[in-house]
Amino acid sequence: DNPFQPEGGIRLLKGGLGRAVIKTSAVKDEHLIIEAPARVFDDQEDLLAAFQAGEFTQDMVAVVRFQGPKANGMPELHSLTPALGVLLDRGLKVALVTDGRMSGASGKVPAAIHVTPEALDGGPLSRVRDGDLVRLDAHKGVLEILVPEGELMSRPAAKAPPAGFGYGRELFGWMRA
């Protein structure tokens, strides 16, 4: 009779970066739309190192690619939420876009997850560059990159970083292939 929201807490996003899902239930309404330059990372540890180094001083969409099931078995990315949440608390507009996953504890940061096709398959995420303008609009279900039409897919795809070791993921690399 008195729901928190008129719709469910998960939305499908579609656009020039592919398809993704976003958990909207814990995100404040003013954070559900963001248009900002991309900061591209191929590993979550690189994003955390950049945060620790104080590199994030402006609005951004953090793109963390090569985190999908074929690339590295989809490690949990929820450790990114506290750092990105600090940036939101500082007044920056911030979002995460990834072909990886996050648990239900994704919290207050808008996160477009499970982007498909994933970067390892040459999906659009593999062609995003630092500074590309990305638009995420959870109200309208939009996830797009604002570059001239045809330019994105004409760029060479980034190469996946070498597979790391730990957590047993290397044991199943042959299965992902």
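**Exercise 1. A network of salt bridges**

Task: In this predicted model, find which residues are linked with Arg135 and Asp137 in a network of salt bridges.

Solution: Start with the pair named in the task. The side chains of arginine 135 and aspartate 137 form a salt bridge, with 3.4 Å from N to O. Now look for the other member: Glu35 joins Arg135 and Asp137 in the network. Next, check how open the pair is to the surroundings. Buried means under 20% relative accessible area. Aspartate 137, at 2%, is therefore buried, while arginine 135, at 22%, is partly exposed. Finally, place the network in the wider picture: the structure has nine salt bridges.

**Exercise 2. Two more salt bridges**

Task: Work out where the partners of the arginine 39–glutamate 55 salt bridge sit, and whether each partner of the aspartate 132–arginine 155 bridge is buried or exposed.

Solution: Take the bridge between arginine 39 and glutamate 55 to begin with; its N to O distance is 2.9 Å. Arginine 39 belongs to strand β3 (residues 33-41), and glutamate 55 to the loop between α1 (44-52) and β4, so this pair links distant parts of the chain, 16 residues apart. Both residues turn out to be partly exposed: arginine 39 has 23% relative accessibility, and glutamate 55 has 42%.

Now turn to aspartate 132 and arginine 155, whose side chains meet in a salt bridge of 2.5 Å, N to O. Aspartate 132 is in the loop between β6 (111-116) and β7 (133-137), and arginine 155 is in the loop between α4 (151-154) and α5 (173-176), so the bridge ties together parts 23 residues apart in sequence. Both count as buried: aspartate 132 has a relative accessible area of 9%, and arginine 155 has 6%.

**Exercise 3. Arginine 65 and its surroundings**

Task: Describe where arginine 65 lies and what it touches.

Solution: First, locate the residue: arginine 65 is in the loop between β4 (60-64) and α2 (69-72). Second, judge its accessibility: at 8%, arginine 65 is buried, because the cut-off is under 20%. Third, look for a polar partner: the side chain of arginine 65 makes a polar contact of 2.6 Å with that of aspartate 42. Fourth, widen the view, leaving aside neighbours within four places in sequence: the contacts of arginine 65 include Val40, Phe41, Asp99, Leu125, Arg127 and Ala158.

**Exercise 4. The nonpolar cores**

Task: Find which residues have the most contacts inside the largest nonpolar core, and which strand supplies its largest share.

Solution: The largest core has 27 residues, and Val97, Leu136 and Leu143 have the most contacts inside it. Then ask which elements contribute: β2 (18-23), β3, β4, β5 (94-98), β6, β7 and β8 (142-145) each give at least two residues. The largest share, four residues, comes from β3. To see one of the central names at work, leave aside neighbours within four places in sequence: leucine 143 touches, among others, Leu13, Leu17, Val97, Val115 and Leu136. A second, separate core of 22 residues includes Phe41, Ala62, Leu77 and Leu87. For background, nonpolar side chains tend to be buried together in soluble globular proteins.

**Exercise 5. Two helices**

Task: Describe how α1 passes α3 and which residues meet.

Solution: Begin with the axes: those of α1 and helix α3 (residues 80-89) come within 10 Å and cross at roughly 35°. Then add the hand: the crossing is left-handed. Last, list the residues: Gln44, Leu47, Leu48 and Phe51 in α1 meet Leu80, Ala83, Leu84, Val86 and Leu87 in α3.

Methods
Residues are numbered from 1 along each chain as its sequence is written. This is a predicted model: local features need pLDDT of at least 70, side-chain atom pairs count only at pLDDT 80 or more; totals for chains, interfaces and linings use all residues. Side-chain values use heavy atoms; hydrogens and water are left out. Buried means under 20% relative accessible area, exposed over 50%, partly exposed in between (1.4 Å probe, protein chains only). A polar contact is a pair of N or O atoms within 3.5 Å; within protein, one must be able to donate a hydrogen and the other to accept it, and residues adjacent in sequence count only if both atoms are side-chain atoms. Contact means heavy atoms within 4.5 Å. A salt bridge is a side-chain nitrogen of Lys or Arg within 4 Å of a carboxyl oxygen of Asp or Glu. A nonpolar core is a set of buried Ala, Val, Leu, Ile, Met, Phe, Trp, Tyr and Cys residues joined through side-chain atoms within 4.5 Å. Axes are lines fitted to C-alpha atoms, for helices over the stretch in contact, and angles run from 0 to 180 degrees between N-to-C directions. A crossing is left-handed if the near helix is turned anticlockwise from the far one by less than a right angle, and right-handed if clockwise.
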